[in-house]
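User: Here is a protein chain I would like to go through at the bench. Please take me around it with short answers.

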Amino acid sequence: EPRIYGRENLGSRITHLALQDSRIQVESAEKELLITRILYVGDRYQVPNRPGLTLITGNAGGLKILVDDNEAPPLGPLGAVRRGILLDPKGLLEVKSGRLE
């Protein structure tokens with residue numbers, strides 16, 4: 001049964017949906033760890049609406065990023081490690097070829 005993490009983040013603009021098992025870590029600009037876990041296929045994480053949050057993932061292509069229910073471009077290929085991805089709604093929609101432009 002898929003799980004939803006961050007249910008308390010009402011009105012979340014950014015959601016991570018696991019298409020494959022994917023490790024995620026989200027932290028604030030102050031290095032406060034908000035989540036660190038493996039999202040299994042079908043699991044979701046609703047990201048709080050806070051500026052300065054960053055994502056580390058161990059399987060960039062295994063995550064679907066939704067911004068206001070719109071699918072953002074992939075963060076990278078399957079199995080790719082990505083660090084320091086700024087969880088900014090506008091910026092995520094502008095990701096090109098796995099790189100922030």
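**A tour of the fold**

User: Where does Pro77 lie?
Analyst: Strands (E, at least two residues) and helices (H or I, at least four residues) are DSSP runs, numbered from the N terminus. Pro77 is in none of the strands that flank it; its place is the loop between β8 (70-71) and β9.

User: What kind of model is this, and what do the values rest on?
Analyst: Residues are numbered from 1 along each chain as its sequence is written, and side-chain values use heavy atoms, with hydrogens and water left out. Local features need pLDDT of at least 70, side-chain atom pairs count only at pLDDT 80 or more, and totals for chains, interfaces and linings use all residues, since this is a predicted model.

User: Which residues is Pro77 in contact with, leaving aside neighbours within four places in sequence?
Analyst: Contact means heavy atoms within 4.5 Å. His16 is 61 residues away along the chain, and its C-alpha atom is 16 Å from that of Pro77. The contacts of Pro77 are Asn59, Ala60, Gly61 and Arg82.

User: In what order do the elements of the protein chain run?
Analyst: There are 9 strands and 1 helix. Read from the N terminus, the order is β-β-β-β-β-β-β-β-β-α.

User: What radius of gyration does the protein chain have?
Analyst: The C-alpha atoms fill a box of roughly 30 × 30 × 25 Å along the principal axes. The radius of gyration is taken over C-alpha atoms, and the globule rule is 2.2 Å times the number of residues to the power 0.38. For 101 residues, a compact globule would come near 13 Å. The protein chain agrees with this, at 12 Å.

User: What share of the residues of the protein chain counts as buried?
Analyst: Buried means under 20% relative accessible area, exposed over 50%, and partly exposed in between (1.4 Å probe, protein chains only). The exposed surface is about 5800 Å², 49% of it from carbon and sulfur atoms. Of the 101 residues, the buried share is 42%.

User: Which strand gives the most to the largest nonpolar core?
Analyst: A nonpolar core is a set of buried Ala, Val, Leu, Ile, Met, Phe, Trp, Tyr and Cys residues joined through side-chain atoms within 4.5 Å. This one has 21 residues, and Tyr45, Leu55, Ile65, Leu87 and Leu92 touch the most other members. At least two residues each come from β2 (14-18), β3 (22-27), β4 (33-39), β5 (44-47) and β7 (63-67). With 3 residues, the top supplier is β7.

User: Which residues does Leu87 contact, beyond four places in sequence?
Analyst: Leu87 belongs to the core members with the most partners. Its contacts are Ile14, His16, Val26, Val47, Leu53, Thr54, Leu55 and Leu92.

User: Which strands stand at the edges of the sheet of 4 strands?
Analyst: This open, antiparallel sheet has the order β4-β3-β6-β9. Its twist averages 15 degrees from one strand to the next. Two strands have a single partner each, so one side of each is left without a neighbour in the sheet: β4 and β9 (82-86).

User: Which residue of β4 is the bridge partner of Arg23?
Analyst: Strands pair if DSSP finds at least two bridges between them. β3 and β4 pair antiparallel over 6 bridges. The partner of Arg23 is Ile38.

User: Which residue of β6 stands opposite Gln25?
Analyst: β3 is joined to β6 (residues 54-57) by 4 bridges, and the two run antiparallel. Glu27 faces Thr54. Gln25 faces Ile56.

User: How many residues of β3 are buried?
Analyst: β3 is largely enclosed by the rest of the structure. The reason is the count of buried residues, which is 5 of the 6.

User: Is Lys31 buried or exposed?
Analyst: Lys31 sits in the loop between β3 and β4, a hairpin with 5 residues between its strands. Its phi is positive, about 70 degrees, although it is not a glycine. At 61% relative accessibility, Lys31 counts as exposed.

User: Which strands stand at the edges of the sheet of 5 strands?
Analyst: This open sheet has mixed pairing and the order β1-β5-β2-β7-β8. Inside it, 4 bridges join β2 to β5 in the antiparallel sense, and Leu17 has Arg44 as bridge partner. The edge strands, each with a single partner, are β1 (4-5) and β8.

Notes. Axes are lines fitted to C-alpha atoms, for helices over the stretch in contact, and angles run from 0 to 180 degrees between N-to-C directions. Accessible areas come from the Shrake-Rupley method with a 1.4 Å probe; for residues, only the protein chains shown count as cover.
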